[in-house]
Amino acid sequence: MQAMSDDLSAWAVRLRAERRNRLWSQREMARRLVEAADEDIRPHLPSRETMIRRIKAYEAGHNRPGDPYRVLYARAFGLSEVELFGEDRVAVSGWCGAACQGRRDDILAVDSINAGATMYSPHYGSVAPEVVMYFLEQLPGHYKADMWLGPRHLIPTVATQAELIRELAQAADAPVRRGLLGAGVAYAALLGWLYQDAGDVGRSRVWRAVALDMAHRSQDPQLVSYALTNQAMLAVDLDDGRTVVDYGEAALADETKLCPKARVLALVHQAHGQSMLPEKNKDLVDRLLDRAAELVDRIDDEYLWGNACRRTQGYVDVQRATAYLRLGAYREAVAIWDRLLGTAPESARRDNGVFWARQAAALAAVPEPERVVQIASVAASAVEGTGSARLRRELRAIPQHAVAWAGTAAGRELADILAPFA
């Protein structure tokens, strides 16, 4: 393989990064370019294999795309030509690490979300078992940083590591590969969550699919169940209750093989799905959450993922209050939030903001306008520091519960507070 220049054109970095961010192979990129061509241009394009060779040359910086390829690339990626083919240059350096003995290629520094991410070319050679532990040891810190910082600051770091894990898993032999796949599920699921929290549903969907693929390859039923509940989590934000129920039930299909934590997550998502259905079956929601509550104290596995059910104070009550808001059980929801939020840790500002917004929505329906205004103001202040699109969405939902008093002084004050999120 020919070594890359130490001073690679930024447009070459971007072309490769945008392709890999979408998990497209070079063959798939060729197909996308052909699809982007107008009917009068398409017959004049070269064969698919020639297109692939062109793509390789472009990404290596050997040739700069001209007409019509600049236009085709821009259309395929949904970006402007200026965004893709700017003239700045970036440094490219090599790395592999002591744990990766063998051939090493260059890292390409890329800004995948205007914040920076790192994309790796394929790794060759053996992968030491210590690499698995290296990635696993960093997970708890990432989870804590998510609570404190939100997605905006954390995505670049996690994206870099998730991509590297995928590359190393393709090179590693069993059982190291199985360990990497397990770590990869956790990182891909976390990245899917971070993109979801940031409001990027497309990339969230891609990484949740990666998590499910890796889980099946790992052959670990706990990981498969966890990846399925992550799919359910995304469907909750898409207001697709039936899909949430289906994924939740699928996650519990091999219940006798599952640890308590995997069962808790599956039951909680089934409950959320049921609360979103037209039937509004509160008894069924309560039964599912009661089963989950019985299992929380039995969680004793060593898996690093999915520990919000142990880390979040009153985890099942949080889920119940959230479901009650959907079910219209507003006073019961308020009673739970009042009990929980009085003792919530201040460090988890993003999660607290979401909970405050849900509390305000329930109070708006009761109604208690003055408390709504006070709580909504506090919740709104948490948006800027976390960049959470989920929190913005929760804030935007409050007025639909406050219609009855929208014309009052409190209603106008609430509208002013929430105006930036409309």
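**Charges and backbone turns: a first conversation**

A search of the whole structure, which is a predicted model, finds 25 salt bridges.

Trainee: Which residue meets Glu163 in a salt bridge?
Mentor: Start with where the two partners sit: Glu163 belongs to helix H7 (residues 151-171), while its partner belongs to helix H1 (residues 10-21). The pair links distant parts of the chain, 143 residues apart. Their side chains come to 2.7 Å, N to O. The partner of Glu163 is Arg20.

Trainee: Are Glu163 and Arg20 buried or exposed?
Mentor: The word rests on a cut-off, with under 20% relative accessible area needed for a residue to count as buried. For this pair, both residues get one label: Glu163 and Arg20 are buried.

Trainee: How far apart are the closest N and O atoms of Asp200 and Arg203?
Mentor: Let's look at their surroundings before the distance. Asp200 counts as partly exposed because its relative accessibility is 26%, and Arg203 counts as buried because its value is 18%. The two form a salt bridge, and their closest N and O atoms are apart by 4.0 Å.

Trainee: What relative accessibility does Arg371 have?
Mentor: Arg371 meets Glu368 in a salt bridge at 3.6 Å, N to O. Glu368 is at 29% relative accessibility, so it counts as partly exposed. Arg371 also counts as partly exposed, because its relative accessibility is 28%.

Trainee: Which residues are linked with Lys282 in a network of salt bridges?
Mentor: Side chains of opposite charge can pair when their charged atoms come close. In this network, Lys282 is linked with four others. They are Asp286, Asp290, Arg320 and Glu332.

Trainee: Where does Asp240 lie?
Mentor: Asp240 gathers with Asp239, Asp246 and Glu249 in a patch of negative charge on the surface. Asp240 has a relative accessible area of 33%, so it is partly exposed. Along the chain, Asp240 lies in the loop between helix H10 (221-237) and helix H11 (241-251).

Trainee: What is phi of Asp239 near?
Mentor: Asp239, another member of that negative patch, has its place in the loop between H10 and H11. Asp239 is exposed because its relative accessible area is 66%. Its phi is positive in a residue other than glycine, and the value is near 60°.

Trainee: How is Lys280 classed, buried or partly exposed?
Mentor: Lys280 is not a glycine, although it has a positive phi of about 50°. Its position is the loop between helix H12 (260-276) and helix H13 (282-296). With 38% relative accessibility, the class follows, so Lys280 counts as partly exposed.

Trainee: Which residue does a cis peptide bond join to Asp67?
Mentor: Follow the chain into the loop between helix H3 (48-59) and helix H4 (69-77). A proline is found in that loop, and the bond that joins it to Asp67 has omega of about 0°. The residue is Pro68.

Trainee: Where is Pro367 found?
Mentor: Here too the backbone has a cis bond: the peptide bond from Val366 to Pro367 is cis, with omega near 0°. To place it, look between two helices, H17 (349-365) and H18 (369-381). Pro367 is found in the loop between helix H17 and helix H18.

Note on methods:
Residues numbered from 1 in each chain as written. Predicted model: local features only at pLDDT ≥ 70, side-chain atom pairs only at ≥ 80, totals over all residues. Heavy atoms only, no water. Helix = DSSP H or I, 4+ residues; strand = E, 2+ residues; numbered from the N terminus. Buried < 20%, exposed > 50% of the residue type's maximum accessible area, 1.4 Å probe, protein only. Patch = residues over 30% accessible without salt bridge, like charges linked within 9 Å, V, L, I, M, F, W, Y side chains within 5 Å. Areas by Shrake-Rupley, 256 points an atom, 1.4 Å probe, with all protein chains shown as cover. Lys, Arg positive; Asp, Glu negative; His and termini not counted. Charge placed at Lys NZ, Arg CZ, Asp CG, Glu CD.
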